[in-house]
Every structure is written in structure tokens, then in C-alpha cells.
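Good morning, and thank you for coming. I would ask you to keep the sequence and the structure on screen while I go through them.

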Amino acid sequence: MEQLVKFNTELIKRYDVAGPRYTSYPTAVQFMEGFDAEAYVRYTTGSNNELIPKPLSLYVHLPFCHSLCYYCGCMKKVTRHEHQGAQYLELLLREVEMQGQLFDHDREVVQLHFGGGTPTYHDDQQLQTLVAQLGRHFSLSEDDSREFSIEVDPRTISQDRLAHLAEMGFNRISLGVQDIDPAVQKAVNRIQDPEATLEMVEQSRQLGFNSVSIDLIYGLPLQTVDSFSRTIDTVVAARPDRLAVYNYAHLPHIFRAQRMIDAKDIPSPETKLKLMELTIDKLTDLGYVYIGMDHFALPEDELTIAQREGGLQRNFQGYSTRRECDLVGLGVSAIGKVGDCYAQNLKDIPSWQSVVADGKLPIWRGISLTTEDRLRRSVIESIMCHGEVEFERFEANFAIDFHDHFAFELSQLKQLEADGLIEMGNDAFTATAEGRLLLRAIAMVFDEYLQASQSEPKFSRVI
Ligand code: SF4
């Protein structure tokens, strides 16, 4: 069932604490450097030996960009020296080969995502070479149901290039827009023509891309409620299948690029709240379903269907379908999830390049999940994806008595229940329409690591 969402300013203000976005559990903060390539290989072998090995999902990180967007918090390298990108790709082909050897070839790749950085920094021939290498070392699905997606910077691409991406097998596309207002674009150093971008949505459809997604950001410098309202109206006129509307978190002590933003131009917390409310009201009025944490989709989009049918997952791209897959991370800083482990590649390009050039897997850190981690991951994912937790499911899968095992957490939830974030029953609890905007506050109750460390905040806030 599609769930309702309701904006409650007071509640959002009260629960505006720094917290993880739960794209994994345990979160990357808990990954350990003692988890090395050898440990990772044990998990890949184990995953091949499962009774029915899982299909695969590949994430490929392409970190190069031509220019710097000042709000950026991604792992990227901004350079106009394209030979650096070419050098990176050469080594990426080697990593693909090494990783491909770890997985049985009959394990089909049903999901593929090129993320960045700017994947389209590389020209069509380079991207084609990379796709061909993936096809040599993995079994890329040829079924219509496969989800092969690529993040596209509209400033780097023409209609011809879009057609080439479709020919390479991509059938999902994600376009970075952020804001169409000229003053905001200038303040964040990302000038792009909105009309050309929106034409691209139409062209993508004509080329057969099944799902077109647009990214926006609220809370950027110089944004006002009126200007962002125009941005939403303009973008929605093209009827993208999905919209991700992120909250800009100004953390210049962590992300150097953000030091270029004049803090006095950033909307006040009150304005940000209004921007958030505007976004939710407008998009839901226009027929988009609120999936959770910044994501909206049309009712017939596969993300909405996955939520309806219980197949949605949180992963490093936000929300995704294909919960059944093992995820292989390729490229600098990429994170994989294989069996009961997470593994992350080295996160700076020179170190990643030097290890791959030596013919070794560039694993930097990771974590082996305990049974307790798996249980809590499952509970947290149920909250983040479906806004509900049915105790029986966890009792059956993990041989626990939910009330006994989570006595402390259930006592903590009483406050959230009193505040109207959840409705508690004997056998389940459900996020209310107001609570659906505060899913991570509910999930945080079940985060054992957060309970243990109340040190300085490492995460962004709701507003
Ligand atoms: S926002 Fe995207 S395009 Fe801009 S610098 Fe960051 S990774 Fe590159």
C-alpha cells in the first residue's frame, strides 16, 4: 500500500538531530581497516557456494568532473586533464578483471550503475570499452527487466551521446539538475540550461530509457521559496519518473568545495523547512509517491512497485530495487555488499591506482556482520523502506522474542509514540504520516553503535 506523508513543522524541528542516512547498517563509520582483500575474497567464495547464489548488482565509480560544483560532497576529482581520466579507466579495466574472477560466471548481473563524479566525463568510446570489459568478466543480463543506469551531467552530453548510452545497454538515466534559477546556479558554480536539460528527459524516453530520474537540492545559497517553487514546476512539467530532492548539508569542515559558498547566502533553517514542505506538498499533489528520505516516484515506477511489494532496499545510491543481489563495488571508494560483509575500496585515486597496478584488490576497509548486525540491519531497512516493523518476521528469521530482545528500544519508542511519529501495536509498529518524514530518527533507536558512541556528530541533520 502507498503510504501518506504529512509535514509537521514542530515535530521536524524537535527531531532535527544529526544522524546516519542508513544507506548501510552498520554505517561506513564502523568499517574497519583490518578487513582486507583476503577477508573480502572469503565472502565472495562463500557467496558462490550458497545453495542458490544470488544475482549480482555492480556499482562502478567514475570520479572525474570537468568543473567543481560548490555544494559537492561526492568523492570526485575535478580536472580538465583528460589523460588522468583515461589512466584511471585503464586501471579500472584491471579491477573489473580481478573482481570478475571472484564470482562464478553464471551469476547474472541484473543491475548495473555508473555513478560519479561524472560518468559522462569519459567519451563514448571509453564508456563502451568499460561496458565491454564488464561483459567479458561478468554475465550481463540481456533480459528487458535488467536495470542498467547511469548518472548524466546534462552539461556533458548531446542527443547523440544519449543514443550511444542506450546502444551500450543503459535503460535508466539520472540527470543532475539541482536548481534552475540563474542566481542559485551562479552561487554554486553549476550553470546549465534548464530547457536543454528538460528536452533530454523527452529524448531519453524516445530512446527507450525506462526510467528517468532528476536530482534537485534544496537549501542551496540564494534559494527562496518562490525560486524553488519555479524549479519544481519547471522540472515536473517534463514528468520524470523519479525525483530525488536532497537537503543541502553545509559541512565545509568536511567538504572543501563548500568553503566556496558564502554561508550568509544559505537559507535560514526556517526557510529550509518551508522549502522541504513545499517540495513534499507539491510533488505529492502532482501524483508522486513519497518513497522516503528525499525520494519520490510516480505510482507506476519500479521503485514504487518495489515498496508496495516489499522488495525495496537502502543502498549507497539511496533507495533501490533488487534487494536479493550481492553488490560488487568497482573503482575508487566504491562500496560492495557481498554475503554478510561490506567492503570499501581505497578512497583516494593515487592509492587505489597503485594497488590495482600491482595486481591486487584495492580493498581499504570493511566489516563482517554479526548476527546481531544482520538483525538490526533488517529492522532498520524495514523502517527506512516500508515505515513499519512486524515483529513476527524477525522472530521467525532470527529466533528471537522481539519484545525481550528489543526491550530497551521499545521503551525508547514510547517517546516517539507519544510525539506521534509511530503507532505501536502488540505485534508491530508503523510510522505515522508525520513520522514518515523522520524515518531515520525512528531507525536510530535500533542502531547499537550509535547507542554506544555519543561522540561528536559525523552525520548530517534532517534540516
Ligand atoms: S556535484 Fe557531481 S558534477 Fe558537481 S563536482 Fe560533484 S560530482 Fe562533480
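Let me begin with the ligand, noting at the outset that this is a predicted model. The shell around the ligand consists of Cys65, Leu68, Cys69, Cys72, Cys74, Lys76, Gly116, Gly117, Thr118 and Asp153. Sorted by class, 5 of the shell residues are nonpolar, 3 are polar and 2 are charged.

Two members of that shell, Gly116 and Gly117, deserve a second look for their backbone. The peptide bond that leads from Gly116 to Gly117 is cis, and its omega is near 20 degrees. Gly117 itself sits in the loop that connects β4, residues 108-116, with α4.

That loop brings us to helix α4 and its packing. Helix α4, residues 124-137, and helix α5, residues 159-168, have axes that come within 11 Å of each other and cross at roughly 10 degrees. How should the relative direction of α4 and α5 be described? Angles under 35 degrees count as roughly parallel, and therefore α4 is roughly parallel to α5. On the α4 side the contact is made by Asp124, Leu127, Gln128 and Val131, and on the α5 side by Arg161, His164 and Met168. These contact residues divide into 3 nonpolar, 2 polar and 2 charged.

I turn now to the domain level. The protein chain is divided into domain 1, which comprises 1-26 and 370-463, and domain 2, which spans 30-330. Taken over C-alpha atoms, the centres of domain 1 and domain 2 are separated by 26 Å. How many residues of each domain are in contact with the other? There are 22 residues on the side of domain 1, in contact with 27 residues of domain 2.

Which helices supply the side of domain 1 that touches domain 2? At least two residues each come from α1 (9-14), α12 (371-386) and α16 (439-444). Helix α12 provides the largest share, with 4 residues. By class, this side of domain 1 holds 11 nonpolar, 5 polar and 6 charged residues.

The next item is a sheet. Three strands form an open, antiparallel sheet in the order β18-β20-β19. Why do β18 and β19 each have one side without a neighbour in the sheet? Both β18 (388-390) and β19 (422-424) stand at the edges with a single partner strand, so one side of each is left without a neighbour there. On average, and with direction ignored, neighbouring strands of this sheet are turned by 15 degrees against each other.

Looking at one pair within the sheet, β19 and β20, the latter covering residues 428-431, are joined in the antiparallel sense over 3 bridges. Glu423, for instance, has Thr430 of β20 as its bridge partner. Across β19 and β20 lies helix α15, residues 407-418, which runs at about 120 degrees to β19.

Finally, two further backbone details. Tyr25 and Pro26 are joined by a cis peptide bond with omega of about -5 degrees, and Pro26 lies in the loop between α1 and α2 (37-48). Gln178, although not a glycine, has a positive phi of about 75 degrees. Its place is in strand β7, residues 172-178.

That concludes the presentation, and I am glad to take comments.

Technical notes:
Residues numbered from 1 in each chain as written. Predicted model: local features only at pLDDT ≥ 70, side-chain atom pairs only at ≥ 80, totals over all residues. Near = placed C-beta within 6 Å. Nonpolar A, V, L, I, M, F, W, Y, C, P; charged D, E, K, R; others polar. Axes fitted to C-alpha atoms, helices over the stretch in contact; angles between N-to-C directions. Parallel < 35°, antiparallel > 145°, perpendicular 65-115°, else oblique. Contact = placed C-beta atoms within 7 Å. Domains from an automatic or database assignment. Pairing = 2+ DSSP bridges.
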